[in-house]
Amino acid sequence: MQNRDNISLETQVQQANCAFCRHTAIASILKETSAFLLVADHAPLVEGHLLIIPKHHYACYGAVPTKLDAELNALKREVGQFMTRFYAPPIFWEHGVFRQTVFHAHLHCIPFGASSYDLATAIHSEVAHSQEDIRRWYATRGHYFYLEDRQHALLFAPEVERYTRIAREVLWQNVISHHQGRAEWRTSQQRYAEGPPLIAAMTDKWRLFQERGADDDNDTPHS
């Protein structure tokens, strides 16, 4: 069981040694707003893989305060416009502390298009309609993981079996489709080694996106 006092304590205790607070695990910063950084994932699953990271230390997005929702949603919309133009619409994925490797809130933005998750499988625990639903879950039930595409935003109970099924049946299947059927799993070390040219190509596209503006339609999406 979580409560607001526990969330506050968790936030304060971890930040001294946090790689994201010290920027030691951040590859390239594409955009900075008053409360967030938009950065390239240093070990991308595919070209275009980004992270939205709060500047202040929060354990997960369930602990990010309401006052930042508008800024977060505006940045997500911008990411969606960028990815749809150059790649495919994003899915947003968050570990919610469960199976995190850096214990600082970070939202994965991956241009996978449709997530292929079928609600009828009922692996998810709850449909989220806003950030407030994520905060409520974290405050009352603790850890979670989260998946959002154009159709649904879903909260999952932090159970290894659920996580493994989503990772295998949704995330990994999208990776395979983007690598022309290449089925072997790449470790984070392999993705890190292969990452620089992907990050460079994505950075060039982001620069073009910023120069032309979000409303420019002259670029053709790469699906």
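**Exercise 1. Positive phi in loops**

Task: In which loop does Ser116 lie, and what is the sign of its phi? Treat Val97 in the same way: in which loop is Val97 found, and is Val97 buried or exposed?

Solution.
1. The model is predicted. In this model, Ser116 lies in the loop between E5 and E6.
2. Phi of Ser116 is near 70°, a positive value in a residue other than glycine.
3. As background, most residues other than glycine have a negative phi.
4. Val97 is found in the loop between E4 and E5. Its phi is also positive, at about 80°, although Val97 is not a glycine.
5. The cut-off for buried is a relative accessible area under 20%. Val97 has 9% relative accessibility and therefore counts as buried.
6. A glycine can be set beside these two residues: Gly142, which follows H3, has a positive phi near 85°.

**Exercise 2. The surroundings of Val170**

Task: Which residues does Val170 contact, leaving aside its neighbours within four places in sequence? Is Val170 buried or exposed?

Solution.
1. Locate the residue: Val170 is found in helix H4, which spans residues 160-178.
2. The contacts of Val170 beyond four places in sequence are Ser115, Ser116, Tyr117, Leu147 and Arg165. Ser116, the loop residue between E5 and E6, is thus one of the contacts of Val170.
3. The C-alpha atoms of Val170 and Asp118 are 9.6 Å apart, with these positions 52 residues apart along the chain.
4. The relative accessible area of Val170 is 3%, so Val170 is buried.

**Exercise 3. The order of the sheet**

Task: In what order do the eight strands form the sheet, and which strands lie at its edges?

Solution.
1. The order is E1-E2-E3-E5-E4-E7-E8-E6 in an open sheet, and the pairing is antiparallel.
2. The edge strands are E1 (29-32) and E6 (126-127), each of which pairs on one side only.
3. At the E1 edge, three bridges join E1 to E2 (residues 36-40), and the two run antiparallel. Ile29 has Val39 in E2 as its bridge partner.
4. Further in, E5 (residues 107-110) is joined by three bridges to E3, antiparallel. Here Leu51 stands opposite His108.
5. E5 is also joined by three bridges to E4 (residues 91-94), again antiparallel. In this pair Ile91 stands opposite Ile110.

**Exercise 4. The two faces of E5**

Task: Which residues of E5 lie on one side, which lie on the other, and are they buried or exposed?

Solution.
1. In a regular strand the side chains alternate between the two faces of the sheet.
2. In E5, Leu107 and Cys109 are on one side, while His108 and Ile110 are on the other.
3. All four are buried, and both faces of E5 are covered.

**Exercise 5. Helices H2 and H5**

Task: At roughly what angle do the axes of H2 and H5 cross, and which residues of the two helices meet?

Solution.
1. Place H5 first: residues 188-212 form this helix, which lies across E1, E2 and E3 (50-54) and runs at about 35° to E1.
2. The axes of H2 (residues 69-86) and H5 come within 11 Å and cross at roughly 110°. H2 is therefore roughly perpendicular to H5.
3. The crossing of H2 past H5 is right-handed.
4. From H2, the residues in contact are Glu78, Gln81, Phe82, Arg85 and Phe86; from H5, they are Met202, Lys205, Trp206, Leu208, Phe209 and Gln210.
5. Sorted by class, this contact has six nonpolar, two polar and three charged residues.

**Exercise 6. Asp69 and helix H3**

Task: Which residues does Asp69 touch, not counting residues up to four places away in sequence? Is Asp69 buried or exposed?

Solution.
1. Asp69 lies in helix H2 and touches Gln131 and Arg135.
2. Both partners are in H3 (residues 131-141), where the buried residues are Gln131, Asp133, Ile134, Arg135, Trp137, Tyr138 and Ala139.
3. Asp69 has a relative accessible area of 13%, so Asp69 is buried as well.

**Exercise 7. The whole chain**

Task: How many helices and strands are there in the protein, and what pattern do they follow along the sequence?

Solution.
1. The protein has five helices and eight strands.
2. Along the sequence the pattern is α-β-β-β-α-β-β-β-α-β-β-α-α.
3. Of the 223 residues, 52% are buried.
4. Among contacts with a separation of 6 or more, 66% are between residues 24 or more positions apart.

Definitions and conventions: Residues numbered from 1 in each chain as written. Heavy atoms only, no water. Pairing = 2+ DSSP bridges. Contact = heavy atoms within 4.5 Å. Axes fitted to C-alpha atoms, helices over the stretch in contact; angles between N-to-C directions. Parallel < 35°, antiparallel > 145°, perpendicular 65-115°, else oblique. Left-handed = near helix turned anticlockwise from the far one by under 90°. Nonpolar A, V, L, I, M, F, W, Y, C, P; charged D, E, K, R; others polar. Buried < 20%, exposed > 50% of the residue type's maximum accessible area, 1.4 Å probe, protein only.
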